[in-house]
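Q: Got a minute to go through a model with me? I'll throw short questions at you and jump around a bit.

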Amino acid sequence: MTFIILGFFTGLSLIFAIGAQNLFVVEQGLKKNHTFMVCLICSISDFVLIFFGIFLFEFFKIYFTENIE
């Protein structure tokens, strides 16, 4: 039961955490101003940033593990 409550509040906190990018997307959607293009650019930039974050984390983990040993 505690995991259900924890998951509920975690999901709720993620919904309430509206950042600048999400606020911009919602604003453009409400204005009906280039909605598809805004969502496409934001999703591609999120993909690229997440990819580079994972890639760099793995690179630095391997780099520092080899140098420390």
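Q: Let's start with Phe-51: what does its relative accessibility make it count as?
A: Partly exposed, because its relative accessibility is 48%. Bear in mind that this is a predicted model.

Q: Which residue forms an aromatic pair with Phe-51?
A: Phe-55 does, and the pair is stacked, with 6.4 Å centre to centre and 10° between the planes. Phe-55 also counts as partly exposed, at 48% relative accessibility.

Q: How far apart in helix α3 are Phe-51 and Phe-55?
A: They are four residues apart in that helix, which covers residues 35–68, so about one helical turn separates Phe-51 and Phe-55.

Q: Which residues form the aromatic cluster?
A: Phe-47, Phe-51, Phe-52 and Phe-55 form one cluster.

Q: And how many aromatic pairs does the count come to?
A: Six aromatic pairs.

Q: Let me zoom out. What does the secondary structure of the chain come to?
A: Three helices and zero strands. Along the sequence, the pattern reads α-α-α.

Q: What share of the residues in the chain is buried?
A: Buried residues make up 4% of the 69 in the chain.

Q: What does the accessible surface of the chain come to?
A: About 6,400 Å², and 78% of that belongs to carbon and sulfur atoms.

Q: OK, cysteines. How many disulfides does a search of the whole structure find?
A: Zero. Cys-39 is in no disulfide, and the nearest cysteine sulfur, in Cys-42, is 6.8 Å away.

Q: Why is there no bond for the sulfur of Cys-42?
A: Because the closest cysteine sulfur, in Cys-39, is 6.8 Å from the one in Cys-42, and that's too far for a bond. The cut-off for a disulfide is a pair of cysteine sulfur atoms within 2.5 Å.

Q: Is Cys-42 buried or exposed?
A: Cys-42 is buried, since its relative accessible area is 14%. Cys-39 counts as partly exposed, at 36% relative accessibility.

Q: Switching to charges: how many salt bridges does a search of the whole structure find?
A: Two. One of them is formed by Glu-27 with Lys-31, where the closest N and O atoms are 3.2 Å apart.

Q: Where do Glu-27 and Lys-31 lie?
A: Both are in helix α2, four residues apart, and that's about one turn of the helix. Glu-27 counts as partly exposed, with 37% relative accessibility, whereas Lys-31 is exposed at a relative accessible area of 52%.

Q: Which side chains meet in a salt bridge at 3.4 Å, N to O?
A: Those of Glu-58 and Lys-61. Glu-58 and Lys-61 are three residues apart in helix α3, so about one helical turn separates them.

Q: What are the relative accessible areas of Glu-58 and Lys-61?
A: For Glu-58 the figure is 34%, so Glu-58 is partly exposed. Lys-61 has 40% and is partly exposed.

Q: Back to α2. How many residues does α2 have, and how far does α2 reach?
A: α2 has twelve residues and spans 16 Å from its first C-alpha to its last, close to the 16 Å expected at 1.5 Å a residue.

Q: Where is Gln-28 found?
A: In helix α2, which covers residues 20–31. Gln-28 counts as buried because its relative accessibility is 9%.

Q: What is Gln-28 in contact with, leaving aside its neighbours within four places in sequence?
A: Asn-33, Thr-35 and Val-38.

Q: And which residue follows α2?
A: Lys-32, and its phi is positive, near 55°. Lys-32 sits in the loop between α2 and α3.

Q: What's notable about a positive phi in a residue other than glycine?
A: Most residues other than glycine have a negative phi.

Q: What about His-34: what is its phi?
A: About 55°, so positive as well, although His-34 is not a glycine. His-34 lies in the loop between α2 and α3.

Q: Last one: are Lys-32 and His-34 buried or exposed?
A: Lys-32 is exposed, with a relative accessible area of 70%. His-34 is exposed at 60%.

Definitions and conventions: Residues numbered from 1 in each chain as written. Predicted model: local features only at pLDDT ≥ 70, side-chain atom pairs only at ≥ 80, totals over all residues. Heavy atoms only, no water. Helix = DSSP H or I, 4+ residues; strand = E, 2+ residues; numbered from the N terminus. Buried < 20%, exposed > 50% of the residue type's maximum accessible area, 1.4 Å probe, protein only. Contact = heavy atoms within 4.5 Å. Areas by Shrake-Rupley, 256 points an atom, 1.4 Å probe, with all protein chains shown as cover. Phe/Tyr/Trp six-rings, centres within 6.5 Å; stacked < 30°, edge-to-face > 60°. Salt bridge = Lys/Arg side-chain N within 4 Å of Asp/Glu carboxyl O. Expected span 1.5 Å × (residues − 1).
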